[in-house]
Amino acid sequence: MTIKKIQYNIMVWLLMMGVNVAANQPLPDARPLIVTSIKPLAIIAKSAVGDAAQVQYLLPGNQSPHDFALPISALKKMSKADLVIWIGPDFEAGSTKAMSKLSINKLLTVIDLPHTQPDQGNLRQHDEYLMEADPHLWLNPNNGNKIADAIQVRLGLPAKEIISDQQIARFKAELASFKEVTYLTHHEAYDHFADAFDLKPGLAIRNASGGVQGAKTQYRLRKTIEKNDVSCVFIEPQYQGKDAAIIAAEYDLPLVQLDPQGLSQRLSEHAYSEFIGTLVSQFKACFQ
Ligand SMILES: [Zn+2]
C-alpha cells in the first residue's frame with residue numbers, strides 16, 4: 001500500500017469517527033487554558049508556563065479592576081479554562097459571585113497564597129479605618145515568583161523563577177538613590193513596589209480601591225504636598241486622571257505615566273521581568 005493510500009484510509013476512518021479533517025481547519029489547541037482576571041496575572045502566568053499552556057485575561061485595557069463586572073463572554077472563557085486565576089474578593093468585588101461558582105481545583109485565589117506584605121508601618125491610617133493590606137501584590141517581584149510557583153505546581157510543570165535575584169538586585173540599584181523621594185500616585189497601589197525597592201510609600205489621591213478619599217484625608221494630602229518637595233504625579237492609563245491633573249496643575253507638578261496593569265506589555269516568557277523593568281523606568285522618569 002502506498003503512503004498516499006494509507007493517508008487516504010486514515011482520513012476516511014477519521015471522518016467515520018466524526019473527526020473534522022478539513023484541510024483549512026486549524027487543529028484545536030490541545031494545551032491547557034489559563035484564564036486570569038487581570039493582565040498582570042496573565043503576565044505572570046505566561047512567564048511561568050511559557051508555551052506549555054495558553055494564557056488569556058478578561059479585563060479590557062481601559063477598565064479599572066476595582067469596578068469591573070464580568071460580561072457573558074468572560075463567563076464563557078472561564079468555563080472553558082483549566083485554571084482561573086484572580087487576586088481575590090476584596091480586590092475584584094464584581095467577580096466574586098462568578099468565581100465562587102468555579103470548582104476549587106480550577107481556581108487559584110492569589111491573595112490566599114503565602115506572600116510578602118509591606119511592613120506594618122506602611123499600612124495607611126485613613127479617617128474611617130485602618131486600611132487593609134495593599135492587594136496589588138504582583139508589584140513585588142518576590143510575590144511574582146510565588147504566584148508563578150503556585151501556577152507551575154497546579155499544572156505539574158518544573159519550578160522556574162520568572163525574575164531572578166540578580167535582576168531584582170539590578171533594579172534595586174537603579175532606584176537606590178531615590179529612597180527619600182516623595183511622589184504622588186493616582187491610587188494606593190504601590191506599597192508592594194515601594195517595599196520591594198526600598199522607596200518611600202507614595203502619597204495617593206485615591207484609596208486602594210480607586211475610590212475618592214474622605215475630606216480629612218484629602219485635606220491632609222494637600223498639607224503634605226505643601227510641606228514636601230514632590231517629584232511628580234503619576235497617572236495610570238485606565239483612569240481618566242482628571243483629579244491627578246487638577247492637583248498637578250495646582251501645585252505645578254509634572255505628570256508621569258505609570259502602568260501597573262502592564263497594558264503595553266507583550267505576553268512572553270520574559271514578560272514579567274520586562275514589566276517590572278518598565279515600572280522601574282517609569283519611576284525613574286518621575287525622580288530624575
Ligand atoms: Zn488598583
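In this predicted model, Gly 50 adopts a positive phi of about 55° just after helix H2. The helix that precedes this glycine, H2, spans residues 39-49. All of H2 is buried, 11 of the 11 residues, so the helix is largely enclosed by the rest of the structure. The buried set runs from the N-terminal end of the helix, with Lys 39, Pro 40, Leu 41, Ala 42 and Ile 43, through Ile 44, Ala 45 and Lys 46, to Ser 47, Ala 48 and Val 49. Two lysines, Lys 39 and Lys 46, are thus among the buried residues of H2. The cover over these residues includes strands E1 (33-36), E2 (54-57) and E3 (83-86), together with helices H5 and H10 (271-287).

Of the elements that cover H2, helix H5 comprises residues 141-155. The axes of H2 and H5 lie 9 Å apart and meet at an angle of about 60°. This angle makes H2 oblique to H5. The crossing of the two helices is right-handed. On the H2 side, the contact is formed by Ile 44, Ala 45, Ser 47, Ala 48 and Val 49. H5 contributes Gly 144, Ile 147, Ala 148, Ile 151, Gln 152 and Leu 155. By residue class, the contact between H2 and H5 holds eight nonpolar and three polar residues, and no charged ones. An α-helix has 3.6 residues a turn, so residues three or four places apart point the same way.

H2 also lies across E1, E2 and E3, and runs at about 175° to E2. These three strands belong to an open sheet of four, in the order E2-E1-E3-E4, with parallel pairing. E2 and E4 (107-109) are the edge strands, each pairing on one side only. Neighbouring strands of the sheet are turned against each other by 20° on average, direction ignored. E3 and E4 are joined in the parallel sense by three bridges, and Ile 85 is placed opposite Leu 108 in E4.

Parallel pairing is also found around strand E7 (residues 230-235). Six of the six residues of E7 are buried, and the strand is mostly covered. E7 is joined to strand E5 (residues 182-187) by two bridges, the two strands running parallel. In this pairing, Thr 182 stands opposite Val 230 of E7. E7 is likewise parallel to strand E8 (residues 255-257), to which three bridges connect it. Here Phe 234 faces Val 256 of E8 as its opposite residue.

Note on methods:
Residues are numbered from 1 along each chain as its sequence is written. This is a predicted model: local features need pLDDT of at least 70, side-chain atom pairs count only at pLDDT 80 or more; totals for chains, interfaces and linings use all residues. Axes are lines fitted to C-alpha atoms, for helices over the stretch in contact, and angles run from 0 to 180 degrees between N-to-C directions. Angles under 35 degrees count as roughly parallel, over 145 as roughly antiparallel, 65 to 115 as roughly perpendicular and the rest as oblique. A crossing is left-handed if the near helix is turned anticlockwise from the far one by less than a right angle, and right-handed if clockwise. Two residues are in contact if their C-beta atoms, placed from the backbone, lie within 7 Å. Ala, Val, Leu, Ile, Met, Phe, Trp, Tyr, Cys and Pro count as nonpolar, Asp, Glu, Lys and Arg as charged, and the others, Gly among them, as polar. A residue is buried if 20 or more other C-beta atoms lie within 10 Å of its own, exposed if 12 or fewer, and partly exposed in between; C-beta atoms are placed from the backbone. Two strands pair if DSSP finds at least two bridges between them.
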